[in-house]
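This report goes through a single protein chain, from its overall surface and fold down to individual residues. The structure is shown first, and the text follows.

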Amino acid sequence: MLVFFDFDGTLSAPRFPKPGVPGACICGLSAESWRQYHEGKREHTFDFCLPVGPVRRFAMRLKEEGHRLFVLTRTASESENLGKKAFLTRWYPGLFEEYLSVEHDREKIPVMRRKAEENGVKEEQLVLVEDTYSLVLEALSQGMTGIHVSNIVAEEDMQQGGDVMKVFFG
């Protein structure tokens, strides 16, 4: 199988310094604040973010089982790509075969199809791990497997006895 992981909200839990409040973090910025932030931080854009523990463990298990893993993310600029790649190197070293970025979410399914064709893989052997329900549903409607990040977290939460904070960040 070829397994494609979204980045924002799937591989990474968004946390960014709150402007003007030392030590405080927020989970999002306005479009203009985001542009300014990541252009200034470049490869350090995601330094305050944390990996989503259950997703990391899920990816590691898939890799051990011999599946091929890819990052498939939407990005606005090359400086954002630098930050995402630095985050992946720090928290997911050697796990992903390739980093793929698109300008719009609607490009994700076609990119997955292209990779399937390049690798002689049938579409039913494609998996999208994502935090956007509409993309999960689109993958499912195309005969692929779509997994929402919340299902991975919930499954591990049930296995760990319901301590979701430990599961999510553990």
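The accessible surface of the chain comes to about 8,900 Å², and carbon and sulfur atoms hold 53% of that area. The model is a predicted one. Of the 170 residues in the chain, 42% are buried.

Along the principal axes, the C-alpha atoms fill a box of roughly 50 × 40 × 30 Å. The radius of gyration is 16 Å; a compact globule with 170 residues would have a value near 15 Å, so the chain agrees with that expectation. The chain contains 7 helices and 9 strands. Among contacts with a separation of 6 or more, 66% join residues that are 24 or more positions apart. As for charge, there are 21 positive and 26 negative charges, and their mean positions lie 4 Å from each other.

**Aromatic residues**

The structure holds 8 aromatic pairs. One of them is formed by Phe4 and Phe70: the ring centres are 5.0 Å apart and the planes meet at 15°, which is under the 30 degrees limit, so the pair counts as stacked. This pair links distant parts of the chain, since Phe4 belongs to strand 1 (residues 2-5) and Phe70 to strand 6 (residues 68-74), with their positions 66 residues apart. Phe4 has a relative accessible area of 0% and is buried; Phe70, at 1%, is buried as well.

A further aromatic pair joins Phe87 and Tyr92, with 6.2 Å from centre to centre and 45° between the planes, and this pair is tilted. Both Phe87 and Tyr92 are buried. These two residues also belong to one aromatic cluster, which is made up of Phe5, Phe7, Phe46, Phe58, Phe87, Trp91, Tyr92 and Phe96.

**Three residues in their setting**

Asp131 sits in the loop between strand 8 (126-130) and helix 5 (133-141). Its relative accessible area is 29%, which lies between the 20% and 50% limits, so Asp131 is partly exposed. Leaving aside residues up to four places away in sequence, Asp131 touches Asp6, Asp8, Gly9, Thr10, His148 and Val149. Thr10 is 121 residues away from Asp131 along the chain, yet their C-alpha atoms are separated by 5.7 Å.

Val52 is in another loop, the one between strand 5 (50-51) and helix 2 (53-64). Val52 has a relative accessibility of 1%, which is under 20%, and therefore counts as buried.

Glu156 is part of helix 6 (residues 149-159). With a relative accessible area of 12%, Glu156 falls under the 20% limit and so is buried too.

The table sets out one C-alpha separation for each of these three residues.

| Residues | Separation along the chain | C-alpha separation |
|---|---|---|
| Asp131 and Thr10 | 121 residues | 5.7 Å |
| Val52 and Pro14 | 38 residues | 9.6 Å |
| Glu156 and Val121 | 35 residues | 29 Å |

In short, Asp131 is partly exposed, whereas Val52 and Glu156 are buried.

Definitions and conventions
Residues are numbered from 1 along each chain as its sequence is written. This is a predicted model: local features need pLDDT of at least 70, side-chain atom pairs count only at pLDDT 80 or more; totals for chains, interfaces and linings use all residues. Side-chain values use heavy atoms; hydrogens and water are left out. Rings of Phe, Tyr and Trp (its six-membered ring) pair if their centres lie within 6.5 Å; planes under 30 degrees apart count as stacked, over 60 as edge-to-face and the rest as tilted. Helices (H or I, at least four residues) and strands (E, at least two) are DSSP runs, numbered from the N terminus. Buried means under 20% relative accessible area, exposed over 50%, partly exposed in between (1.4 Å probe, protein chains only). The radius of gyration is taken over C-alpha atoms; the globule rule is 2.2 Å times the number of residues to the power 0.38. Contact means heavy atoms within 4.5 Å. Accessible areas come from the Shrake-Rupley method with a 1.4 Å probe; for residues, only the protein chains shown count as cover. Lys and Arg count as positive and Asp and Glu as negative; His and the chain ends are not counted. The place of a charge is taken as NZ of Lys, CZ of Arg, CG of Asp or CD of Glu.
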